[in-house]
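This briefing introduces one protein structure and its bound ligand to a reader who has not met it before. The topics are the ligand site, the central strands and a few individual residues.

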Amino acid sequence: MLNVLMLGIGQCGNRILDAVNRESFGGSSKLSKYYSRQKFPSRVETLAINTAVNDLKELKFTAAKDRLHVPNLHGVGANRSLGKQGFWDNREMIMEEIEKRGDFDIAFVMTSSSGGTGSSFTPLIIHELKERYKNITVIAVMVLPFREEGSIYLQNAAFSMRDIMEVQSDGIILVDNQYLKRLSGDIKTAYDRINEMVAERLLFLIESLDSEMLSVTDLGDFKTVMRGGLGMGTLGFYESDKKTASLTSAIEGSLKPGGLLYPADVYEDAARAMIIIQGSRESLDVDEITKSVEKLSSKIGQVFKGIVIKKGRPKILSVFTLGQVPDLEMLYAQAAQAIQDEKSRKTRAKKQLDDAFAYIEDLEEVY
Ligand SMILES: Nc1nc2c(ncn2[C@@H]2O[C@H](COP(=O)(O)OP(=O)(O)OP(=O)(O)O)[C@@H](O)[C@H]2O)c(=O)[nH]1
């Protein structure tokens, strides 16, 4: 059995974690609120960490014991320096809260890359986890901002992604708000839908890694995939319905833009992949799956496949790492421009104020 730790840090991370807990309480079904225990396939410990007490209060499906408030009542206001300090001041308290939950094989640390708390805590927590748990696999789930959210968010995203690369997690799963905002007109519904998509994919992954598979993929294979290319990638998903023509088209569906959490041309950009197919025995034709995966391997290189027998129509999860990330490069260019603009605005404003003060330089107040 896998021992899994899921940390949601900062508001965005907390909400994704809440979506995970919601899914595992039975999703949106009418009965879900009557369940008192999460139905995870593995031993999964969840913990929401935040400096803003109100963000923690807003969670609906995360037990009170799984919410950790780090003193600093109302968040750090997107300031990563304050965030880092907040972590250092409370490091032992935070790590004790994690360590008392036991040993772990894998941890998913989920956060926005652009706020203050999550984006500054996450690299530091990943570092601590790697130091304290010698055999742990740590995967960061990083949410990129809407590009029009402002210069501080862009700059935070650029620097926090670099910090994450430096602490050497075992891989980064990218989720792009900008790319996914097409899912809904208003922001609240978009957030809910994005969080739900991330939760659904992560739970599918955890369940599969811990299942008796007809064709086996395990944590070792997952790690190999995550180590491919730039060490960052994303997840795709496809759920068959009556209209799905074949298993092959379902597998291809999990690689199409509509199912991905980050924009990528899988056939061009992917470095390694893992395709996990879940479905009833009658719905899965192993020869067809093998052929589709072989076709994919001829384009991508290494593709692992896993088959899990489970009631229902086929559902497919694709996990892949990327060898190139043009959209991320664009984000860095935008962030650099935003930092420059902010600097020149500050210099201009300072000069204007200095010019104004110059008028009274040699004068005294007269009463
Ligand atoms: N997908 C998704 N993104 C969110 C959600 N809530 C906030 N965000 C994004 O997260 C970024 C802001 O980060 P937060 O998580 O709110 O910040 P924080 O880590 O709590 O840090 P501070 O509030 O500065 O202390 C913005 O880019 C938002 O668009 C959410 O529920 N889902």
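A polar contact is a pair of N or O atoms within 3.5 Å; within protein, one atom must be able to donate a hydrogen and the other to accept it. The structure shown is a predicted model. In this model, 24 residues surround a ligand, and the protein covers 93% of the 650 Å² of accessible area that the ligand has on its own. Strand β4 pairs in the parallel sense with β1 and also with β5.

**The ligand and its shell**

- Among the 24 residues that surround the ligand, the closest are Gln 11, Ala 78, Thr 117, Glu 149 and Tyr 191.
- The shell around the ligand consists of nine nonpolar, 13 polar and two charged residues.
- Two serines approach oxygen atoms of the ligand: an N or O atom in the side chain of Ser 112 is 2.9 Å from an oxygen atom of the ligand, and a polar side-chain atom of Ser 114 also lies 2.9 Å from an oxygen atom of the ligand.
- Asn 195 faces a nitrogen atom of the ligand, with an N or O atom of the Asn 195 side chain at 2.8 Å.
- Three elements give two or more residues to the shell around the ligand, namely α1 (10-24), α4 (117-132) and α7 (187-209).
- Of the elements, α1 gives the most to this shell, with four residues.

**Strand β4 and its partners**

- Strand β4 covers residues 106-112, and seven of its seven residues are buried.
- On one side of β4, the buried residues are Ile 106, Phe 108, Met 110 and Ser 112, while Ala 107, Val 109 and Thr 111 are buried on the other.
- In a regular strand, side chains alternate between the two faces of the sheet.
- Ser 112 thus appears in two settings: Ser 112 is one of the buried residues of β4, and the side chain of Ser 112 has an N or O atom 2.9 Å from an oxygen atom of the ligand.
- β4 and strand β5 (residues 137-144) run parallel and are paired over seven bridges, with Ala 107 standing opposite Val 138 in β5.
- Together, β4, α4 and β5 make a right-handed β-α-β unit.

**Strand β1 and its partners**

- Strand β1 (residues 3-9) pairs with β4 over five parallel bridges.
- Met 6 has Phe 108 as its bridge partner in β4, and Val 4 stands opposite Ile 106 of β4.
- β1 is also joined to strand β2 (residues 43-50) by seven bridges, and these two strands run parallel; here Asn 3 stands opposite Arg 43 in β2.
- Seven of the seven residues of β1 are buried.
- Both faces of β1 are covered, with Asn 3, Leu 5, Leu 7 and Ile 9 buried on one side and Val 4, Met 6 and Gly 8 on the other.

**Two buried polar or charged residues**

- Asp 170 sits in the loop between α5 (151-166) and β6 (172-176).
- Asp 170 counts as buried because its relative accessible area is 15%, and the cut-off for buried is under 20%.
- The side chain of Asp 170 makes a polar contact of 2.6 Å with the side chain of Lys 130.
- A polar atom of the Asp 170 side chain also lies 2.7 Å from the backbone nitrogen of Val 138, the residue of β5 that Ala 107 stands opposite.
- Thr 117 belongs to helix α4 and is one of the closest residues to the ligand.
- With a relative accessible area of 7%, Thr 117 is therefore buried.
- The side chains of Thr 117 and Thr 51 are joined by a polar contact of 2.6 Å.

**Two residues with a positive phi**

- Most residues other than glycine have a negative phi.
- Ala 78 has a positive phi of about 65° although it is not a glycine.
- Ala 78 lies in the loop between β3 (67-69) and α3 (80-99) and is among the closest residues to the ligand.
- Gln 168, also a residue other than glycine, has a positive phi near 55°.
- Gln 168 is placed in the loop between α5 and β6, the loop that holds Asp 170.
- Gln 168 counts as exposed because its relative accessibility is 60%, and the cut-off for exposed is over 50%.

Terms used: Residues are numbered from 1 along each chain as its sequence is written. This is a predicted model: local features need pLDDT of at least 70, side-chain atom pairs count only at pLDDT 80 or more; totals for chains, interfaces and linings use all residues. Side-chain values use heavy atoms; hydrogens and water are left out. A residue is near a molecule or strand if one of its heavy atoms lies within 4 Å of it. Accessible areas come from the Shrake-Rupley method with a 1.4 Å probe; for residues, only the protein chains shown count as cover. Ala, Val, Leu, Ile, Met, Phe, Trp, Tyr, Cys and Pro count as nonpolar, Asp, Glu, Lys and Arg as charged, and the others, Gly among them, as polar. Buried means under 20% relative accessible area, exposed over 50%, partly exposed in between (1.4 Å probe, protein chains only). Two strands pair if DSSP finds at least two bridges between them. A crossover is right-handed if, with the strands pointing away from the viewer, the path from the first strand over the helix to the second runs clockwise.
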